[in-house]
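Trainee: I would be grateful for a close look at a single helix of this model and at what surrounds it. Please take the answer outward from that helix to the other parts worth inspecting.

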Amino acid sequence: MKQELIMFHDLSAGSAFWLPHGARIYNKLIEFIKDHYWKRGFDEVITPNIYNLDLWHKSGHALHYKDAMFCFDVEGQEWAMKPMNCPGHCLMFAGQIRSYRDLPLRFADFGVLHRNELSGALSGLTRVRRFQQDDAHIFCREDQIEDEVKGSLEFMKSVYTTFGMTYKLELSTRPKKALGDKELWDRAEAALARAMDSFAGKGGWKLNPGDGAFYGPKIDIKVMDAMERVHQCA
């Protein structure tokens with residue numbers, strides 16, 4: 001509070017109130033990321049905050065993630081506030097006929113997200129119920145995966161280096177409750193591993209078996225704070 005950047009209140013636990021000085025920093029950070037988006041070929045989009053739960057059933061999130069979503073009734077149908085942007089971007093991609101020549105498409109979104117975190121788990125700005133992130137989704141051909149992943153890692157490195165942040169990379173692979181064919185998972189994991197080898201060198205990252213998302217493998221980027229505590233930041 002001494003710097004008067006943010007405040008919290010019990011009447012909206014887990015949601016930061018950005019005070020004037022904090023809002024200036026917040027907006028400056030968004031401007032900084034938008035400059036990167038422009039240079040790196042991303043198109044900014046704006047998507048709804050609430051969706052019919054049918055979307056989340058179709059994407060698989062309702063089955064695996066509903067307990068962490070804020071759900072409510074709208075005219076007898078169940079709706080929810082979005083906890084992530086992925087399904088909304090997929091609706092945009094599917095909204096018109098696409099050609100392989102259109103790819104890659106890079107959608108970036110600063111949309112507000114809400115996650116129903118337990119009150120006991122809330123912690124400052126590191127664990128909240130309401131937040132925004134420099135979130136993006138890339139739609140590409142399979143033969144473009146490695147280059148796109150490497151480009152995303154270079155993007156991350158440039159941002160983290162600017163702020164003097166150190167990080168570690170982990171490849172999280174197929175979990176037990178995964179959706180999709182194992183063969184497709186194997187190809188996706190191999191493509192990510194090749195991209196990580198190219199970016200960080202062999203031995204420059206660790207394997208994190210079975211900790212991927214239910215819909216695909218992921219690269220976990222873990223940063224260290226001033227007290228050397230580890231936080232997954234991307």
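Mentor: In this predicted model, helix α6 has eight entries in its buried list, namely W185, E189, A191, L192, A193, A195, M196 and F199. These buried residues pack against α5 (145-162), β11 and β13 (218-224). The length of the helix can be checked as well: at 1.5 Å a residue, the 19 residues of α6 should span 27 Å, and the end C-alpha atoms lie 26 Å apart, which agrees. After α6 comes G201, with a positive phi near 85 degrees.

The packing on the α5 side can be followed through one residue. L153 belongs to helix α5 and counts as buried because its relative accessibility is 4%. Beyond its neighbours within four places in sequence, L153 touches L169, A195, M196, F199, I219 and I221. Of these partners, A195, M196 and F199 also appear among the buried residues of α6. L169 stands 16 residues away from L153 along the chain, and the two C-alpha atoms are separated by 9.8 Å.

The loop that leads into α6 deserves attention next. T173 sits in this loop, between β11 (167-172) and α6 (182-200). With a relative accessibility of 12%, T173 counts as buried. Its contacts, leaving aside neighbours within four places in sequence, are W185, E189, L207, N208, P209, G210, D211 and G212. W185 and E189 are thus partners of T173, and both are buried residues of α6.

A second helix, α4, may be set beside this one. In α4 (residues 86-93), the buried residues are C86, P87, G88 and H89. Their cover includes β4 (50-52), α2 (53-59), α3 (61-65), β7 (105-109) and β10 (135-139). In the loop between α4 and β7 lies P104, which is joined to L103 by a cis peptide bond with omega of about 5 degrees.

The cysteines follow from C86. The structure holds zero disulfides. C90 takes part in none, and the nearest cysteine sulfur, that of C86, is 7.1 Å away. At 41% relative accessibility, C90 counts as partly exposed. For C140, the closest cysteine sulfur is in C90 at 12 Å, which is too far for a bond. C140 is likewise partly exposed, with a relative accessibility of 27%.

Two backbone angles should also be inspected. Most residues other than glycine have a negative phi, and most peptide bonds are trans. E4, in the segment before β1, has a positive phi near 55 degrees. E4 counts as partly exposed at 44% relative accessibility. E75, found in the loop between β5 (71-74) and β6 (77-81), has a positive phi near 50 degrees. At 80% relative accessibility, E75 counts as exposed.

Finally, there is the surface. F8, W18 and L125 form a nonpolar patch there, with about 280 Å² of accessible area together. Within this patch, F8 is located in the loop between β1 (6-7) and β2 (17-18) and counts as partly exposed at 37% relative accessibility.

Terms used. Residues are numbered from 1 along each chain as its sequence is written. This is a predicted model: local features need pLDDT of at least 70, side-chain atom pairs count only at pLDDT 80 or more; totals for chains, interfaces and linings use all residues. Side-chain values use heavy atoms; hydrogens and water are left out. Patches are made of residues with over 30% relative accessible area and no salt bridge: like charges are joined within 9 Å, nonpolar side chains (Val, Leu, Ile, Met, Phe, Trp, Tyr) within 5 Å. Accessible areas come from the Shrake-Rupley method with a 1.4 Å probe; for residues, only the protein chains shown count as cover. A salt bridge is a side-chain nitrogen of Lys or Arg within 4 Å of a carboxyl oxygen of Asp or Glu. Helices (H or I, at least four residues) and strands (E, at least two) are DSSP runs, numbered from the N terminus. Buried means under 20% relative accessible area, exposed over 50%, partly exposed in between (1.4 Å probe, protein chains only). Contact means heavy atoms within 4.5 Å. The expected span of a helix is 1.5 Å times one less than its number of residues. A disulfide is a pair of cysteine sulfur atoms within 2.5 Å.
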